[in-house]
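Colleague: Before I rely on the labels in this model, I should like to test each one against its criterion. May I begin with burial?

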Amino acid sequence: MGKIVLYLAMSVDGYIADEGGGVSWLVGDGSEPDAPDSYPAFLDTVDAIVMGWTTYHQLVTELSPDSWPYEGRPCYVVTHRQEENQRDIFFWNGELTALADKLKGEHEGNVWICGGASVAGQLLKEGRIDKLWLSIIPTVLGKGVRLFPELSQELPLKLVRTEHWNGIVDLVYERRRTQT
């Protein structure tokens with residue numbers, strides 16, 4: 001059985017996009033410009049990808065308009081729009097938790113929650129995220145699209161790894177099971 005992993009970059013103050021939805025600030029501080037980042041190694045562990053419509057639209061229109069960056073991996077786009085499935089891209093308008101449970105059961109590797117805030121927030125609220133892999137970008141935005149929603153109860157975590165490169169710090173947490 002796979003794990004549901006939220007792998008995202010965020011500002012020091014917890015935003016995943018600026019006020020206009022932009023992500024041009026997702027860069028290091030220039031101190032180690034040639035240092036390898038964690039993304040390639042993480043992507044090697046991914047069997048399936050889940051993202052919201054806004055993330056998908058930003059990918060195909062702005063970030064990677066000429067080629068699909070996740071070739072060969074099934075990608076599920078959570079949306080209310082009625083879109084035609086494409087090669088490796090499936091548009092899901094069912095219950096998000098049902099999709100997460102389905103993919104976790106079908107895959108041995110990681111199911112990557114790629115974005116955005118709404119998808120991540122819903123899965124966090126429903127306790128479906130097994131691991132949070134957060135790349136902290138050395139920027140304070142002050143406002144924008146916040147990653148973490150209000151939760152009805154705390155989400156206890158256990159730090160399992162840290163990495164740093166080019167001023168960016170990766171914090172990898174797993175859910176900590178509390179005893180009742």
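Colleague: Why is Cys114 called buried?

Modeller: Cys114 has a relative accessible area of 10%. Buried means under 20% relative accessible area, exposed means over 50%, and partly exposed lies in between (1.4 Å probe, protein chains only). Cys114 therefore counts as buried. The model is a predicted one, in which local features need pLDDT of at least 70 and side-chain atom pairs count only at pLDDT 80 or more, while totals for chains, interfaces and linings use all residues. Residues are numbered from 1 along each chain as its sequence is written, and side-chain values use heavy atoms, with hydrogens and water left out.

Colleague: How do you know that the sulfur of Cys114 is not bonded to that of Cys75?

Modeller: A disulfide is a pair of cysteine sulfur atoms within 2.5 Å. The closest cysteine sulfur to that of Cys114 is in Cys75, 6.9 Å away, which is too far for a bond. By this rule the count of disulfides is 0. Cys75 is thus in no disulfide, although it too is buried, at a relative accessible area of 0%.

Colleague: What makes Glu19 and Lys143 a salt bridge?

Modeller: The criterion is a side-chain nitrogen of Lys or Arg within 4 Å of a carboxyl oxygen of Asp or Glu. The closest N and O atoms of Glu19 and Lys143 are 3.6 Å apart, so the pair meets the criterion. The pair joins distant parts of the chain, 124 residues apart: Glu19 is in the loop between strand 2 (15-17) and helix 1 (39-43), and Lys143 is in the loop between strand 7 (131-137) and strand 8 (145-146). Helices (H or I, at least four residues) and strands (E, at least two) are DSSP runs, numbered from the N terminus. Glu19 counts as exposed because its relative accessibility is 59%, whereas Lys143, at 47%, counts as partly exposed.

Colleague: Where do Glu106 and Lys102 lie, and what makes them a salt bridge?

Modeller: Both residues belong to helix 3, 4 residues apart, about one turn of the helix. Their N to O distance is 2.9 Å, so the salt bridge follows from the same criterion. Glu106, at 48% relative accessibility, and Lys102, at 32%, both count as partly exposed. The structure holds 8 salt bridges.

Colleague: Is Lys131 buried or exposed?

Modeller: Its relative accessibility is 17%, so Lys131 counts as buried. Lys131 nevertheless forms a salt bridge with Glu174, with the closest N and O atoms 3.9 Å apart. Here Lys131 of strand 7 meets Glu174 of strand 10 (residues 168-175), 43 residues apart. Lys3, Lys131 and Glu174 are linked in a network of salt bridges.

Colleague: How do you know that the buried residues of helix 3 line one face of the helix?

Modeller: The buried residues of helix 3 (residues 96-106) are Leu96, Thr97, Leu99, Ala100 and Leu103. Seen down the helix axis, they fall within an arc of 160°, so they line one face. The arc is that of the directions from the helix axis to the C-beta atoms. These residues pack against several elements, including strand 1 (3-11), strand 3 (46-52) and helix 4 (117-125).

Colleague: What makes Met51 buried, and which residues is it in contact with?

Modeller: Met51, in strand 3, has 0% relative accessibility and therefore counts as buried. Contact means heavy atoms within 4.5 Å. Leaving aside neighbours within four places in sequence, the contacts of Met51 include Tyr56, Trp68, Cys75 and Cys114.

Colleague: Why is the pair of Tyr7 and Trp133 called edge-to-face?

Modeller: Rings of Phe, Tyr and Trp (its six-membered ring) pair if their centres lie within 6.5 Å; planes under 30 degrees apart count as stacked, over 60 as edge-to-face and the rest as tilted. By this rule there are 14 aromatic pairs. For Tyr7 and Trp133 the centres are 5.4 Å apart and the planes are at 70°, so edge-to-face is the proper label. Tyr7 lies in strand 1 and Trp133 in strand 7, so the pair ties together parts 126 residues apart in sequence. Tyr56 and Trp68, at 5.8 Å and 55°, form a tilted pair.
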